[in-house]
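Work through the exercises below with the model open. Try each task before you read its solution.

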Amino acid sequence: MSLFFLKRVLANPARVGYIVPSSRFLTNQTAGFIDFSVDRIVVELGPGEGCHTRRIAQRLGAGSRLILIELDHRFAEHLKKQFSHDARVSVVNADALALAETLIDLGVSVPDYIVSGIPFTIMPRAPREQLLTRIADSMGPETRLITYQASLQISDHAHFDLVRSKHCLLNVPPLHVMELRKQSATKKA
């Protein structure tokens, strides 16, 4: 664990959400849910110090885009420095609730993937529901939400259908990696 990460956790543990960075096993599993065979637009919500970001960027094609939306200004600055050499990566210091506006500002209509480790299950209900609604509203029928969580609770959410999940035991804490798609309008009716 880097001293930088530890300082950010101590400064605001609820915002960071985890006490240690993700393991290489978890980042490999999360990136493994993304099809890198063609160029993609990937959005990462709350990338923190960039554990998952680095793994995704390693595998992205030359014509792909990786958009990082980070609320913590120090993490955002750290990410800007870390990826300053990579034209595929855009870092936006903003709240994930501004996802739709951020995508419009960057000229993106619909991303291929949204990756997030934001701990939805420990968030208060109202902001969680608002954020999940904003995520679902930003997804097209082919967009996939890849999230890693302590429980499978989000897989039963009204906005999403579970495509697949895997449990990563080699992480502190062990987490479930899930691939979700936006629930179809016909299923909601």
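Four exercises follow, each with a worked solution.

This is a predicted model, in which local features need pLDDT of at least 70, side-chain atom pairs count only at pLDDT 80 or more, and totals for chains, interfaces and linings use all residues. Residues are numbered from 1 along each chain as its sequence is written, and side-chain values use heavy atoms, with hydrogens and water left out.

**Exercise 1. Strand pairing**

Find the strands that pair with strand 7, and give the sense of each pairing.

*Solution.* Start with the terms. Strands (E, at least two residues) and helices (H or I, at least four) are DSSP runs, numbered from the N terminus. Two strands pair if DSSP finds at least two bridges between them. Strand 5 (residues 144-149) pairs with strand 7 in the antiparallel sense, over 6 bridges. Strand 6 (residues 160-168) also pairs with strand 7 in the antiparallel sense, over 8 bridges. Now check one position. Leu 180 of strand 7 is the bridge partner of Leu 145. Leu 180 is also the bridge partner of Leu 162. Last, test the burial of strand 7 (residues 175-182): 6 of its 8 residues are buried. Buried means under 20% relative accessible area, exposed over 50%, partly exposed in between (1.4 Å probe, protein chains only).

**Exercise 2. The hairpin loop**

Locate the cis peptide bond that ends at Pro 173.

*Solution.* Strand 6 and strand 7 form a hairpin, with 6 residues between them. Pro 173 sits in that loop. The bond from Val 172 to Pro 173 is cis, with omega near -5 degrees. For context, most peptide bonds are trans.

**Exercise 3. Helix 7**

Check the length of helix 7, then describe its buried side.

*Solution.* The expected span is 1.5 Å times one less than the number of residues. Helix 7 (residues 125-137) has 13 residues, so it should span 18 Å; its end C-alpha atoms are 18 Å apart, which agrees. Next, list the buried residues of helix 7: Arg 128, Leu 131, Leu 132, Ile 135 and Ala 136. Seen down the axis, these fall within an arc of 135 degrees, so they line one face of the helix. The arc is that of the directions from the helix axis to the C-beta atoms. The face turned away carries the exposed residues Ala 126 and Asp 137. Finally, find the cover. Among the elements over the buried residues are strand 1 (41-45), helix 6 (99-105) and strand 4 (113-116).

**Exercise 4. Cysteines**

Count the disulfides, then classify Cys 51 and Cys 168 by burial.

*Solution.* A disulfide is a pair of cysteine sulfur atoms within 2.5 Å. The count is 0. Cys 51 is buried at 14% relative accessible area. Cys 168 is buried too, at 3%.

Conventions:
Contact = heavy atoms within 4.5 Å.
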